[in-house]
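Here are some short exercises to work through with the model open beside you. Try each task yourself before reading its solution.

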Amino acid sequence: MITVYNHHHALHQGKLEMFRGQLVPCFEVPTRADDVLQELQRRQLGEVLAPQDCGRGPIERIHSPRYLDFLAGAWSEWVALDPANAERDALPSVWPVRSFRSDVLPANFSARMGLFSYDAGTPLTSGTWAAAYAGACCAVTAAQRVSGGARSAFSLSRPPGHHAGADFFGGYCFLNNAAIAAQALRDAGAERVAVLDIDYHHGNGTQAIFYERADVFFASVHGDPHTEYPFYLGYADETGQGAGLGCNLNLPLPRGTGFARWREALALALQRIAQSGAQALVVSLGLDTFEGDPISGFQLRSEDYFRVGEDLAVAGLPTVFVFEGGYAVDALGTNTVNVLEGYA
Ligand SMILES: [Zn+2]
């Protein structure tokens, strides 16, 4: 297993997020990726590489230029508003919901930040752009390795990506690394690609990006959005649109679901992916399905993650793993590497 590691991930370190009516310390912290790297090295799972600088090209295949311009310049704009802002992260507080316009790009920074986001749980910091950009390059490098003939590669980076859409951030995510990897596989010649999202939370960003496309099949096993974040997408009746009709599969499960039932959903997702004719697979690898996760509600145990990796290997597709959520930091290294070792 090749791992492409983002050495710049810790440049993104949010201080506070809005959670149930108060500002609390961020759940998405740098030790998440550090611990996984340490466990990978301890168990000698394979080579660890730095990404190649991919430039904005492969990122613009997924994200709009005006959104990327905003992200790249947001911190300097934030500090220019008030030098004291250098000590606090930027959080959005106003959003254009139904009946507001989203075609006008406001001059006001807070208004633009709201236009390009959908929650107040995702602080933008001095190093967010640098960390997210390097993370996208990890996903591209991992996809290139797999396109070049490697059986699999793991993009180990944070912030995560699957909640980010073509022009919005949220859910701790800024650039959709899994979507960028899937597009890179397509651009390298795979005619059909599948993205399988096994994070606890629905990958709303990835779904939205590919919803009208027939060349990228999206499948997700996740907490029922009736009760679980991101709430407004991820229902079973979302099956794709236009050319993409039939190319989207959501398998929401109730809070409290254990491994046996979860694994049946995984099997169904893999069966539909096989039927889709995908020639390569991207796995949005979230580990917040773990029983000890502080913000999620499934009951997978550490040993179950070996079986997850084995099931993914049986699918027999060249696979790019992209690191997503998982907030039980003490067990995160073990659980992540259990999947990868089970796969290997
Ligand atoms: Zn998650």
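**Exercise 1. Find the residues that Arg 112 is in contact with, leaving aside its neighbours within four places in sequence.**

Solution. Arg 112 touches Phe 70, Glu 77, Leu 105, Pro 106 and Ala 107, where contact means heavy atoms within 4.5 Å. A polar atom of the Arg 112 side chain also lies 2.9 Å from the backbone oxygen of Ala 107.

Before going on, note that this is a predicted model, in which local features need pLDDT of at least 70 and side-chain atom pairs count only at pLDDT 80 or more, while totals for chains, interfaces and linings use all residues. Residues are numbered from 1 along each chain as its sequence is written, and side-chain values use heavy atoms, with hydrogens and water left out.

**Exercise 2. Decide whether Arg 112 is buried or exposed.**

Solution. First, locate Arg 112 in helix 4 (residues 109-115); helices are DSSP runs of H or I with at least four residues, and strands are E runs of at least two, numbered from the N terminus. Next, take the relative accessible area of Arg 112, which is 12%, so this residue is buried. Buried means under 20%, exposed over 50% and partly exposed in between (1.4 Å probe, protein chains only).

**Exercise 3. Work out which residues coordinate the zinc ion.**

Solution. Start with the donors (N, O and S atoms within 2.8 Å of the metal, or 3.2 Å for Na, K and Ca; water is not among the atoms, so sites may look incomplete). They come from Asp 199 (OD), His 201 (ND1) and Asp 288 (OD), at 2.0 to 2.1 Å. Along the chain, the spacing is D-x1-H-x86-D. Finally, check burial: Asp 199 and Asp 288 are both buried.

Definitions and conventions:
Polar contact = N/O pair within 3.5 Å; in protein donor to acceptor, adjacent residues only side chain to side chain.
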